[in-house]
Amino acid sequence: MRRRSSTLPMVDVFVVLVALFSGAPSPWAVVKGSHPHCKKLRENLGEIRPHSVTITEFGAVGDGVTLNTKAFQNAIFYLNSFSDKGGAKLFVPAGRWLTGSFHLISHLTLWLDEDAVILGSTNSDDWPIVDPLPSYGRGRELIGERHQSLIYGHNLTDVIITGHNGTIDGQGSIWWNWFQNKTLNYTRPHLVELMNSTAVVISNLTFLNSPFWTIHPVYCSHVSVQNLTILAPLNSPNTDGIDPDSSDNVCIEDCYISTGDDLISIKSGWDEYGISYGRPSRNILIRGITGKSQTSAGISIGSEMSGGVSEVHAENLQFFGSHTGIRIKTSPGRGGYVRNICVSNMTLDGVYIAIRFTSQYGEHPDEFYDPSALPIIEHITFKDVLGDNIKIAGLLEGLEGGSFQNICLSNIFLNVTSKSPWNCSSIHGYSYLVSPEICEPLKESISPEKYSDCYHLSDPKRFSSE
């Protein structure tokens with residue numbers, strides 16, 4: 001499958017040498033034009049890894065039948081000797097390379113050539129069992145441990161997964177059947193998971209049929225995900241596209257995603273475990289995303305957001321044939337916060353609900369969560385949104401006694417079929433140029449006096465009384 005064309009520069013990656021932001025001000029201080037962090041990641045591309053091997057040198061057979069787990073493991077073990085000598089590249093040529101889970105190393109480029117396909121094994125024994133994430137306290141689906149992702153790494157620096165539009169196929173249908181038949185003993189694996197890692201680039205590839213979430217950077221910093229196609233059947237369970245989790249300085253750009261759950265979901269831990277771990281997701285740019293999810297959202301925040309989510313900018317978005325455009329999901333017991341979020345330049349077509357807040361999402365890890373730990377949702381801005389064939393403009397459900405405030409909508413024009421386009425409760429905010437007519441809790445105009453209550457709006461003179 002060929003990736004759609006883009007106005008953003010393609011990342012033809014051999015190596016990334018990331019100049020990390022150490023003590024620098026927030027890279028989102030200036031949002032128009034180039035985004036400093038994302039630009040920095042792109043500017044540091046270009047040097048060739050001084051050492052390179054091909055997976056066939058380690059006995060791999062690309063017939064789609066031979067299991068190549070040992071070949072991948074042995075190749076990466078060999079390349080580890082070059083990690084302090086400029087790093088290395090593992091080249092995967094055309095072929096169908098069946099494998100179980102394998103670990104990456106620092107200063108490595110995993111390069112898939114055109115017509116190269118890495119296939120995940122359909123034998124669950126080839127996906128090892130690992131500890132649950134500390135910010136979740138258990139497997140996300142089942143109590144206890146979980147299966148390790150197909151491509152996995154932890155405590156890494158300078159890791160690149162890229163190529164000439166090669167493919168990584170999780171062959172997830174067997175996992176979906178096990179999940180739906182309730183025959184799993186452990187939580188399903190992701191397709192790619194990197195933990196506690198820095199300077200990560202994932203680009204120019206197609207990802208298919210993940211058993212669970214597709215790309216999951218967790219506890220990571222300085223991550224660039226660009227020019228990907230991510231596909232799974234629209235009815236496949238929980239096949240999220242890209243889920244940054246308790247991670248910061250993340251750029252997700254120019255991707256086409258069509259899956260059975262949220263296309264992008266920003267997370268930061270689950271109830272008391274996420275609160276205790278206390279690592280937020282922050283400084284996240286999402287730009288140039290097109291896609292479809294019949295059951296879920298184009299972009300969601302939560303429901304696991306107990307460590308906090310802030311400074312998220314999502315722009316130039318196109319979602320079609322989907323259940324929801326943008327959704328914030330939370331619940332009593334989550335605690336945490338979602339603040340300083342700006343969604344702009346979004347086009348929706350054939351979307352059931354354009355904007356949704358869900359405050360009673362439920363799903364708790366155990367009985368030890370604190371129901372009095374209420375989330376704070378504040379300084380959320382939606383601006384410059386167009387929608388056609390929309391059923392419901394907004395279903396915005398706050399928490400009685402909670403804090404859902406400074407919700408601002410500006411320049412929103414939706415062609416809505418419902419006679420009750422907005423349903424709002426327990427929220428407060430402001431609006432300007434919204435059609436159809438906004439709900440009562442948001443009717444107060446964004447005046448120059450209220451401008452500072454809204455996150456990331458343009459010149460306050462725009463909102464002066466005529």
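This passage describes the disulfides, aromatic contacts and one open sheet of a predicted model.

Two disulfides are present in the structure. A disulfide is a covalent bond between the sulfur atoms of two cysteines. One of the two connects Cys408 with Cys454, at an S to S distance of 2.0 Å. Cys408 belongs to strand 27 (residues 403-416) and Cys454 to the segment after strand 29 (429-435), so this bond ties together parts of the chain that are 46 residues apart in sequence. The link between Cys408 and Cys454 is left-handed, with -80° about the S-S bond. Both Cys408 and Cys454 are buried.

The sulfur atoms of Cys424 and Cys439 also form a disulfide and lie 2.0 Å apart. Here the torsion about the S-S bond is about -80°, so the disulfide of Cys424 and Cys439 is left-handed. Distant parts of the chain are again linked: Cys424 is located in strand 28 (residues 422-425), whereas Cys439 is in the segment after strand 29, and the two cysteines are 15 residues apart. Cys424 has a relative accessible area of 16% and therefore ranks as buried, the cut-off being under 20%. For Cys439 the relative accessibility is 9%, so this residue is likewise buried. Two further cysteines were examined for burial. Cys255 is buried, with a relative accessible area of 0%, and Cys342 counts as buried at 3% relative accessibility.

Aromatic contacts were considered next. Across the whole structure, ten aromatic pairs are found. Among them is the pair of Tyr78 and Phe82, whose ring centres are 5.4 Å apart; the planes of these rings stand at 75°, so the arrangement is edge-to-face. The partners differ in exposure: Tyr78 is partly exposed, with a relative accessible area of 39%, whereas Phe82 is buried at 15% relative accessibility. Together with Phe58, Tyr78 and Phe82 make up one aromatic cluster.

Phe357 and Phe382 are also paired; their ring centres are separated by 6.4 Å and their planes meet at 35°, so the pair is classed as tilted. This contact links distant parts of the chain, with Phe357 in strand 24 (residues 353-358) and Phe382 in strand 25 (residues 376-390), 25 residues apart. Phe357 has a relative accessible area of 1% and is buried. Phe382 is buried too, at 1% relative accessibility.

Charged side chains also meet aromatic rings in the model. The charged end of Lys89 is placed over the ring of Trp111, at 4.8 Å from the ring centre. Similarly, the ring of Trp270 has the charged end of Arg140 over it, 4.1 Å from its centre.

Strand pairing was examined in an open sheet. This sheet contains four strands in the order 5-10-13-15, and its pairing is parallel. Its edges are formed by strand 5 (102-103) and strand 15 (215-218), each of which pairs on one side only. Strands of a sheet pair through backbone hydrogen bonds, either parallel or antiparallel. The edge strand 15 is joined to strand 13 (residues 192-195) in the parallel sense over four bridges. Within this pairing, Val192 has Ile215 of strand 15 as its bridge partner.

Key: Residues numbered from 1 in each chain as written. Predicted model: local features only at pLDDT ≥ 70, side-chain atom pairs only at ≥ 80, totals over all residues. Heavy atoms only, no water. Disulfide = S-S within 2.5 Å. Buried < 20%, exposed > 50% of the residue type's maximum accessible area, 1.4 Å probe, protein only. Phe/Tyr/Trp six-rings, centres within 6.5 Å; stacked < 30°, edge-to-face > 60°. Lys NZ or Arg CZ within 6 Å of the ring centre and 35° of its normal. Pairing = 2+ DSSP bridges.
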